[in-house]
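Me: I am new to this structure and would like to go through it slowly, asking how each label is earned. Could you set each value against its definition as we go?

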Amino acid sequence: MKAIIYTKYGSPDVLHLEEVEKPALDEEKVLVKVHNASINASDWHMLIAVPFPMRLIGNGMFRPKNPILGVDVSGCVEAVGRNVTQFTPGDAVFGDIFGLGSGSFAEYVSVPECALVLKPSNVSFEEAAAVPIAAVTALQSLRNRGNIQSGQKVLINGASGGVGAFAVQIAKAFGTEVTAVCSTRNVEMARAIGADHVIDYTKEDFTQNGVQYDLILAVNGYQPLSAYKRALTPHGIYVFVGGTPAQIFQSLFLAPLISKRNGRKMTSCMQKANQRDLLFIRDLLESGKIRPVIDECYPLCKTAEAFRYFEKGHARGKVVIKILEKE
Ligand SMILES: NC(=O)c1ccc[n+]([C@@H]2O[C@H](COP(=O)([O-])OP(=O)(O)OC[C@H]3O[C@@H](n4cnc5c(N)ncnc54)[C@H](OP(=O)(O)O)[C@@H]3O)[C@@H](O)[C@H]2O)c1
């Protein structure tokens, strides 16, 4: 099969299209013919091996153990192992295959069935591949860490990227009043996906205008923790999802210290794949409550170019890779 291979850590220049062996099917696995994949920050970190612990969490100390990147996948089931019960050949599926030994920038993946769910028919393969990591991250941050409740005022900082665009829509699906923070060129998009209010961060600092929120999701942006805290209601919750290394440090080590018992809470979320949450997201897709926002779709041979675009940090929604040329 064709796959994008990397045998050393580095810039997107180390990614090459090669012919490799198709992954084997065992009795616990599902062999999927991949239609689409999408790029996530985790792929980028695995590519450059920064921060350093990426080398320790299974990716190889000196060179990548798994030479094929890609964790979000959509495609059709080609074959199933003897013990697989949830899928049959021909099923259209999508899922998050992080850490399962297969990479989705390839024509086939072979993964345990718990990584996959059936694709709703109202969602294309291209759209489905844009969903798993970003949407589940948004869901787990808002619901598990942010304890989102209907009627609350929620602010999403970094609302126009992969995670942020899902966070806006999921927060709306929970019945909240959503403020999206993005730059000028994304204001219309943020309104189109359902934001009640949009703040253009190039013109206004939301931490300075005196408005307070019950829940703030920090997906992107440069505000210090003290500023976020000021923008929270007395019992509000701040959830850190992504940002600069300084923000990661602050959120992991300082946030618990400045959280108040029975007061403002500062916390962070690390997405963890699970089929139940992906099924929850599938239902939101099926009912039309959320819709993936796709910036660009690159053919497999242009994966390195797609990474260079993603690296700039200004994608509008998701960057998708097209593996199957004709569906
Ligand atoms: N905790 C977890 O488990 C988890 C899971 C997935 C991702 N993440 C992290 O979450 C972050 C976002 O991931 P992503 O996939 O959504 O990234 P992304 O798609 O690359 O984010 C790009 C978006 O960020 C916006 N942006 C850039 N600078 C901004 C700023 N100063 N203020 C507000 N928005 C800004 C850009 O909008 P403009 O062009 O308008 O600036 C663009 O739309 C990353 O740091 C990633 O590492 C964490």
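**Labels and their reasons**

Reply: A good place to start is Leu-142, which touches Asn-147, Ile-148, Val-154, Ile-156, Ala-167, Ile-170, Ala-171, Leu-215 and Leu-217, not counting residues up to four places away in sequence, where contact means heavy atoms within 4.5 Å. This is a predicted model, in which local features need pLDDT of at least 70 and side-chain atom pairs count only at pLDDT 80 or more, while totals for chains, interfaces and linings use all residues. Residues are numbered from 1 along each chain as its sequence is written, and side-chain values use heavy atoms, with hydrogens and water left out.

Me: What makes a set of residues a nonpolar core, and which residues have the most contacts inside the largest nonpolar core?

Reply: A nonpolar core is a set of buried Ala, Val, Leu, Ile, Met, Phe, Trp, Tyr and Cys residues joined through side-chain atoms within 4.5 Å. The largest one has 44 residues, and those with the most contacts inside it are Leu-142, Ile-156, Phe-166, Val-168, Ile-170, Leu-217 and Ile-281. Among the elements that give two or more residues to this core are helix 3 (132-145), strand 8 (153-157), strand 11 (213-218) and helix 8 (275-286), helices being DSSP runs of H or I with at least four residues and strands runs of E with at least two, numbered from the N terminus. Helix 4 gives the most to this core, with 7 residues. A second, separate core of 36 residues includes Met-46, Val-73, Val-319 and Ile-321.

Me: Why is Asp-200 called buried?

Reply: Buried means under 20% relative accessible area, exposed means over 50%, and partly exposed is in between (1.4 Å probe, protein chains only). Asp-200 has a relative accessible area of 9%, and therefore it counts as buried. Asp-200 lies in strand 10 (residues 197-200), and it touches Cys-182, Ser-183, Thr-184 and Val-187, not counting residues up to four places away in sequence.

Me: How do you know that Asp-13 forms a salt bridge with Arg-308?

Reply: A salt bridge is a side-chain nitrogen of Lys or Arg within 4 Å of a carboxyl oxygen of Asp or Glu. In this pair the closest N and O atoms are 2.7 Å apart, so the rule is met. Asp-13 lies in the loop between strand 1 (2-5) and strand 2 (16-19) and Arg-308 in helix 9 (residues 303-311), so the pair ties together parts that are 295 residues apart in sequence. By this rule the count comes to 9 salt bridges.

Me: What makes Glu-78 and Lys-22 a salt bridge as well?

Reply: Their closest N and O atoms are 3.7 Å apart, and because the limit is 4 Å, this pair qualifies too. Glu-78 lies in strand 4 and Lys-22 in the loop between strand 2 and strand 3 (29-38), so the pair ties together parts that are 56 residues apart in sequence. Glu-78, at 35%, is partly exposed, and Lys-22, at 39% relative accessibility, also counts as partly exposed.

Me: What is noted about the phi of Ala-49, and is Ala-49 buried or exposed?

Reply: Ala-49 has a positive phi of about 55° although it is not a glycine. Most residues other than glycine have a negative phi, and most peptide bonds are trans. Ala-49 lies in the loop between helix 1 and strand 4, and with a relative accessible area of 5% it is buried. In that loop, between helix 1 (41-48) and strand 4 (72-80), is also the place of Pro-51, and the peptide bond from Val-50 to Pro-51 is cis, with omega near 0°.
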